[in-house]
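Here's a quick briefing to read with the model open beside you. Take a moment to look at the picture before working through the points.

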Amino acid sequence: MDELHGYYLEDLEVGMSASYAKTIAESDVYMFAGISGDNNPIHVNSEYAATTPFKNRIVHGMFSAALISTVAGTRLPGPGAIYIDQTIKFKAPVYMGDTAKATGTIEEIDEKRRRVKMRTDVHVGDKLVATGYGTFMVDRREA
């Protein structure tokens, strides 16, 4: 693996895993809202959020998905991998100030189709906040 190319298909094995953790600041939530256009008041309006079951603003669910993308695009399979699909279930809220840790673990490798299926989980501490599966297309080494 190098800076411009991650793992090649031949380098991958079932069970390999990589993670990325980020402590989410209020500014991250505002920047994500600006970039995505998702200005739902549950994310950006404290007075509104206080009236919800969460009692406070929560981080966008797709922010967690973006952390999964960081794992896939920078660590495993790494640079050059192409995201094919993702399923995700959001299990619990993430709040500003939380440190969310995304982990991808290889569960299947389809050498013929150059596909890698990974379990994708996001935790805050020991609590699972998002879970699912992602599929990635990965290059073979040139012969």
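**One contact to start with**

The side chains of D121 and T131 make a polar contact at 2.5 Å. Keep in mind that this is a predicted model. D121 belongs to strand 4, so let's start there and work outwards, using the buried cut-off of under 20% relative accessible area.

**D121 and its surroundings**

- How much of D121 is accessible, in relative terms? The value is 13%, so D121 counts as buried.
- If you skip neighbours within four places in sequence, D121 is in contact with K101, A102, T103, L128, A130, T131 and G132.
- The burial goes beyond this one residue: strand 4 covers residues 115-124, and 7 of its 10 residues are buried, so the rest of the structure largely encloses it.

**Strand 4 and its two partners**

- Strands of a sheet pair through backbone hydrogen bonds, in either a parallel or an antiparallel way.
- On one side, strand 4 pairs with strand 3 (residues 99-110); the two run antiparallel over 10 bridges.
- To find your place in that pairing, look for G104, which sits opposite T120 of strand 4.
- The hairpin of strand 3 and strand 4 has 4 residues between the strands, and R114 there takes a positive phi near 60°.
- Strand 4 also runs antiparallel to strand 5 (residues 127-137), again with 10 bridges joining them.
- Here a handy marker is V124, which faces K127 in strand 5.
- In the hairpin of strand 4 and strand 5 there are 2 residues between the strands, and G125 has a positive phi near 65°.

**The whole sheet**

- In what order do the 5 strands line up? They form an open sheet in the order 1-3-4-5-2, with antiparallel pairing.
- Strand 1 (17-23) and strand 2 are at the edges with a single partner strand each, so each has one side without a neighbour in the sheet.
- From one strand to the next, the twist averages 20°.
- Strand 1 and strand 3 run antiparallel and are joined by 7 bridges.
- In that pairing, A21 has K101 of strand 3 as its bridge partner.
- Helix 4 packs on the sheet and touches strand 1, strand 2, strand 3, strand 4 and strand 5. The direction of helix 4 makes about 140° with that of strand 2.

**Aromatic pairs**

- How many aromatic pairs turn up in the whole structure? A search finds 2.
- For F32 and F63, the ring centres are 5.3 Å apart and the planes are at 55°, so this pair counts as tilted.
- F32 is in helix 1 (residues 26-36) and F63 is in helix 4, so to speak a link between distant parts of the chain, 31 residues apart.
- Both rings belong to buried residues: F32 has 18% relative accessibility, and F63 has 8%.
- The pair of Y83 and F136 is tilted too, at 4.6 Å centre to centre with 45° between the planes.
- This pair also links distant parts of the chain, with Y83 in strand 2 and F136 in strand 5, 53 residues apart.
- Are Y83 and F136 buried or exposed? Y83 is partly exposed at 31% relative accessibility, whereas F136 is buried at 1%.

**Backbone oddities to look up**

- The peptide bond from L76 to P77 is cis, with omega near 0°. You'll find P77 in the loop between helix 4 (61-74) and strand 2 (82-90).
- K55 has a positive phi, near 65°, although K55 isn't a glycine. Look for K55 in the loop between helix 3 (46-49) and helix 4.
- With 58% relative accessibility, K55 is exposed.
- R114, the hairpin residue from earlier, is another residue other than glycine with a positive phi. R114 counts as partly exposed, at 25% relative accessibility.

**What the record says**

- An unreviewed UniProt entry lists residues 18-124 as "domain: MaoC-like".
- That span is 31% helix and 35% strand, and its end C-alpha atoms lie 16 Å apart.

Notes. Residues are numbered from 1 along each chain as its sequence is written. This is a predicted model: local features need pLDDT of at least 70, side-chain atom pairs count only at pLDDT 80 or more; totals for chains, interfaces and linings use all residues. Side-chain values use heavy atoms; hydrogens and water are left out. UniProt positions are given in the numbering used here, feature names are shortened, and annotations may be inferred rather than shown by experiment. Buried means under 20% relative accessible area, exposed over 50%, partly exposed in between (1.4 Å probe, protein chains only). Two strands pair if DSSP finds at least two bridges between them. A polar contact is a pair of N or O atoms within 3.5 Å; within protein, one must be able to donate a hydrogen and the other to accept it, and residues adjacent in sequence count only if both atoms are side-chain atoms. Contact means heavy atoms within 4.5 Å. Axes are lines fitted to C-alpha atoms, for helices over the stretch in contact, and angles run from 0 to 180 degrees between N-to-C directions. Rings of Phe, Tyr and Trp (its six-membered ring) pair if their centres lie within 6.5 Å; planes under 30 degrees apart count as stacked, over 60 as edge-to-face and the rest as tilted.
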